[in-house]
Amino acid sequence: MAIDIPDVPEDFFSEVDGVKVAFRPFVLPNARIVHGNVFPLCLSVEKVDGGKISVDETAAALRDISSRGITTELMNKHGALLIRGPRDPSAKAFSKLVHAAEEGRGHEPYDQIGLAGSRTVHDKEVFSASESPQHLWIYHHNEYSRYTKFPSNIHFFCHIAAEEGGESPFCHSAELFDRIQEDIPEFVEEAARRGLNSPDIYRAPGKEGKNFIFTWAGPLAFGREITPEDDMATKKAKAEKQVVKLTPHFWWREDDQLEVHQHVPAFRRHPATGKPLFFTSIPGRYGVALDRKATDPPYIGDDGMAYPPASWTDGEPIPKKYLHRCWEITNECQVSVKMEPGDMALVDNYQVTHARAPWTKGERKVMVSMWDTKDPAEKILEY
């Protein structure tokens, strides 16, 4: 049963080339209220004359409302928008829609670097989401939040929906901050003062892991200049040129593995709302390590991969009780969205974490597109 939320906006409209389109809000039964606003906000895109709406008509309407500032206003207020319009689940449709929405806002594609995962390119600025096995949870994180560089927005698109499971959970980072400050204020005080050190260990090319298949030589990691004929020394030298764009803290380990440490703050503030955010990958990293039985030294999982946890900036370990409670609270605050084929979720990466639930029946394919603002006034703020 849908909940009655008084702040949901009324229908609003776009008219381009004589085609009038209505954006009609609807509410998920499990939606949450964060600082007085429904989260996430869902919008059904429909032609006013009742005809079937096309991808091009939807894209034109999205570009129009984005250029008028409506998309940004709604995302600042609600954190995430679920757009349900034409039932075209193709990568080409997603590319058209996401380009219209983000170019209309004046944003540009995010230049990925340091990816600790694998992605396949499906169309212009359209990639696969996590390609890890379907039985694994991908727990909550703001995209690239453990890095020194990250996108302002990350958007998701349902190509194929699983028959059972495979939900897309979202959690509002402002609610997460509020809950953590309430439950473990001593962690907030110490984390704000000491900052975080975020470690990653990348395997060498040809020595990929079992569940999370990636190496430092991947084109979205540090291998954009690497060519097939390069020897290992050349590959490493080229990779180092990319690593230093993120951090000076890195070194080579045995078996040609690369360890990279990035120093980042635990908390930020949103540029539009000014509200504090737990902008983080802690729940995601800890949850995966917990599933792999790797939350204690030497942090090696049952799949043989390394899962080093975040520490304080000086390298001292963060007490595991804090990491565990952050993971628990994120799960408690999440909204699980069962996306339908053709659904697009526009997500403010600063305000919203995302995750991926396992699935037990059918196939699931979700695509992703990352964008960044060019306006300094829209960049995330220090805490």
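**Exercise 1: Arg146**

Work out whether Arg146 counts as buried or exposed, and list the residues that it touches.

*Step 1.* Arg146 counts as buried because its relative accessibility is 15%, and the limit for buried is under 20% relative accessible area (exposed is over 50%, partly exposed in between; 1.4 Å probe, protein chains only). Keep in mind that this is a predicted model, where local features need pLDDT of at least 70 and side-chain atom pairs count only at pLDDT 80 or more, while totals for chains, interfaces and linings use all residues. Residues are numbered from 1 along each chain as its sequence is written, and side-chain values use heavy atoms, without hydrogens and water.

*Step 2.* Now place Arg146 in the fold: the residue sits in the loop between strands E10 and E11. Helices (H or I, at least four residues) and strands (E, at least two) are DSSP runs, numbered from the N terminus.

*Step 3.* Collect the contacts, meaning heavy atoms within 4.5 Å. Once residues up to four places away in sequence are set aside, Arg146 touches Ala116, Ser198, Asp200, Gln262, Val264, Ser281 and Arg285.

**Exercise 2: The space around Arg146**

Find which residues lie closest to the centre of the largest pocket and which lie nearest the centre of the largest cavity.

*Step 1.* Set up the search on a 1 Å grid over the protein atoms alone: a cavity is a set of points where a 1.4 Å probe fits but cannot get out, a pocket is an open set with protein on both sides within 12 Å along at least five of seven lines, and lining residues have an atom within 4 Å of a point. Points are joined across faces, edges and corners, and a volume is the space filled by probe spheres set on them.

*Step 2.* Start with the largest pocket, which holds about 950 Å³ of space. Its lining counts 49 residues, and Ala116, Gly117, Ile138, Arg146 and Phe212 are the closest to its centre. Two or more lining residues come from each of strands E10 (138-141), E11 (153-160), E13 (168-172), E14 (196-202), E22 (352-356) and E24 (365-372), and from helix H7 (282-291).

*Step 3.* Turn to the enclosed space. There are four cavities of 30 Å³ or more in the structure, and the largest has about 110 Å³. Its lining is made of 15 residues, with Arg146, Ser198, Ser281, Ile282 and Ala310 nearest its centre. E14 and H7 each supply at least two of the lining residues; E14 gives the most, with three.

*Step 4.* Put the two results together: Arg146 is among the residues closest to the centre of the largest pocket and among those nearest the centre of the largest cavity.

**Exercise 3: The second places**

Which element gives the largest share of the lining of the second largest pocket?

*Step 1.* Note the volume of the second largest pocket, about 340 Å³. Tyr299, Pro308, Pro309, Ala310 and Ser311 are the closest to its centre, out of 23 lining residues.

*Step 2.* Check the elements that give two or more residues: E14, strand E16 (258-264), H7 and helix H8 (320-333). H7 has the largest share, four residues.

*Step 3.* For practice, do the second largest cavity too. It contains about 60 Å³, and 13 residues line it, with Cys158, Ala161, Gly166, Met339 and Arg364 nearest its centre.

**Exercise 4: Lys236 and His135**

For each of these two residues, decide: buried or exposed?

*Step 1.* Lys236 belongs to helix H6 (residues 232-243). Its relative accessible area is 19%, so Lys236 is buried. Beyond its neighbours within four places in sequence, Lys236 is in contact with Trp216, Trp252 and Asp256.

*Step 2.* His135 lies in the loop between strand E9 (126-128) and E10. With 53% relative accessibility, His135 counts as exposed.

*Step 3.* Look for partners of His135 beyond four places in sequence: Asn211 and Pro358 are in contact with it. His135 and Pro358 are 223 residues apart in sequence, yet their C-alpha atoms are 4.9 Å apart in space.

**Exercise 5: Packing of helix H4**

Which elements do the buried residues of H4 pack against?

*Step 1.* List the buried residues of H4 (residues 173-183): Ser173, Ala174, Glu175, Leu176, Phe177 and Ile180.

*Step 2.* Gather their partners: strand E3 (32-34), E13, helix H5 (185-194), strand E18 (276-277), H8 and E22.

*Step 3.* Follow Ile180 to Phe187, which touches it. With neighbours within four places left aside, the other contacts of Phe187 are Phe267, Phe278, Ile282, Trp312, Ile318, Tyr322 and Cys326.
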